[in-house]
Amino acid sequence: TLRLRHVELFYGAVALQLLAFPFPFFPWRTSDTVATTIWLASYGVLGIAAFLNRRIVGIPLIAVGMASNVIAVVANGRHMPALPSALRAAHKHYTVQFNSAADAHPHVPWLVDRWAVPRWIHVGNVYSLGDVVIAAGVILLIAAAMRIRESAPVASPAPTVRRAATGSSEPMSPELALVSSDEDAARFRAQLPARPWEAFLPTPA
């Protein structure tokens with residue numbers, strides 16, 4: 001199976017992002033300066049987690065996408081710029097929302113939120129080149145996990161014993177061998193690990 005190392009770092013990063021940008025029903029609010037600082041700290045935690053899991057397929061690509069987003073944020077005053085054209089296409093109307101800010105002339109414009117998620121995706125917003133790279137990394141990660149699961153060895157079936165005493169070629173199940181007294185069943189029982197209930201089985205004639 002595919003196992004992530006130090007999963008607690010991923011949980012910690014999510015907790016930091018919820019602390020920075022809480023849901024409306026949470027009992028606290030965080031100022032913009034503090035929120036963006038905590039958001040950047042959460043990406044630092046995710047970067048450490050990605051480094052510790054760098055040998056897993058897809059994780060390095062996810063890290064590249066995260067780095068792209070951080071560069072855009074740091075270069076534009078700790079907010080991810082969103083082009084007005086992308087906001088209009090996504091039917092969004094705001095100046096600043098969470099860590100996103102509308103900006104028609106951002107720095108490093110090729111790394112900012114410049115496209116709108118298709119309208120048929122109801123939770124859609126705007127996205128950046130870094131988001132595309134992150135999504136590609138997640139797809140690779142899921143594909144790798146599925147491939148590992150499909151290639152896992154299948155447990156071999158329990159051995160059977162053929163009943164030579166009767167001349168039948170019908171296979172004998174382990175359960176039948178345990179209660180049978182013929183010669184083949186006795187040999188089969190001798191190959192099995194010791195079991196407490198064998199003391200109550202009949203002794204072969």
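Q: Why is asparagine 53 called buried?
A: Its relative accessible area is 2%, and a residue counts as buried under 20%, as exposed over 50% and as partly exposed in between (1.4 Å probe, protein chains only), so asparagine 53 belongs to the buried class. This is a predicted model, in which local features need pLDDT of at least 70 and side-chain atom pairs count only at pLDDT 80 or more, while totals for chains, interfaces and linings use all residues. Residues are numbered from 1 along each chain as its sequence is written, and side-chain values use heavy atoms, with hydrogens and water left out.

Q: Where is asparagine 53 found, and how do you know what counts as a helix?
A: Asparagine 53 is in the loop between helix H2 (32-52) and H3. Helices are DSSP runs of H or I with at least four residues, strands are runs of E with at least two, and both are numbered from the N terminus.

Q: What does asparagine 53 touch, not counting residues up to four places away in sequence?
A: Asparagine 53 is in contact with Arg3, Leu4, Arg5, Phe10 and Ile59, where contact means heavy atoms within 4.5 Å.

Q: What makes isoleucine 139 exposed?
A: The relative accessible area of isoleucine 139 is 58%, which is over the 50% limit and therefore places this residue in the exposed class. Isoleucine 139 lies in helix H5, and its C-alpha atom is 7.5 Å from that of glycine 58, although the two residues are 81 residues apart along the chain.

Q: Why does alanine 145 count as partly exposed?
A: At 31% relative accessibility, alanine 145 falls between the two limits, so partly exposed is the term that applies. Alanine 145 is also in helix H5 (residues 129-150), and 8.9 Å separates its C-alpha atom from that of valine 57, 88 residues apart along the chain.

Q: What makes the patch that includes Val57 a nonpolar surface patch?
A: Patches are made of residues with over 30% relative accessible area and no salt bridge, joining like charges within 9 Å and nonpolar side chains (Val, Leu, Ile, Met, Phe, Trp, Tyr) within 5 Å; a salt bridge would be a side-chain nitrogen of Lys or Arg within 4 Å of a carboxyl oxygen of Asp or Glu. By that rule Val57, Leu61, Val64 and Leu140 make a patch of about 300 Å², with accessible areas taken from the Shrake-Rupley method with a 1.4 Å probe, and for residues only the protein chains shown counting as cover. One of these residues, valine 64, is found in helix H3 (residues 59-75).

Q: How many aromatic pairs are there, and by what rule?
A: Rings of Phe, Tyr and Trp (its six-membered ring) pair if their centres lie within 6.5 Å, and their planes make the pair stacked under 30 degrees, edge-to-face over 60 and tilted for the rest. The count comes to 7 aromatic pairs.

Q: Why is the pair of phenylalanine 26 and tryptophan 28 called tilted?
A: The ring centres are 5.0 Å apart, which is within the pairing limit, and the planes meet at 35°, a value that is neither under 30 nor over 60 degrees, so the pair is tilted. Ring pairs link Phe23, Phe25, Phe26 and Trp28 into a cluster, and tryptophan 28 is partly exposed, with a relative accessible area of 32%.

Q: How do you know that the charged end of arginine 54 sits over the ring of phenylalanine 51?
A: The rule asks for NZ of Lys or CZ of Arg within 6 Å of the ring centre and within 35 degrees of the ring normal, and the charged end of arginine 54 is 4.2 Å from the centre of the phenylalanine 51 ring. Arginine 114 likewise lies over the face of tryptophan 115, at 5.9 Å from the ring centre.

Q: Why is aspartate 103 called partly exposed?
A: Its relative accessible area is 26%, which lies between 20% and 50%, so the term partly exposed fits. Aspartate 103 lies in the loop between strand S3 (100-102) and strand S4 (115-116), and, leaving aside neighbours within four places in sequence, its contacts are Asn76, Pro81, Ala82, Leu83 and Pro84.
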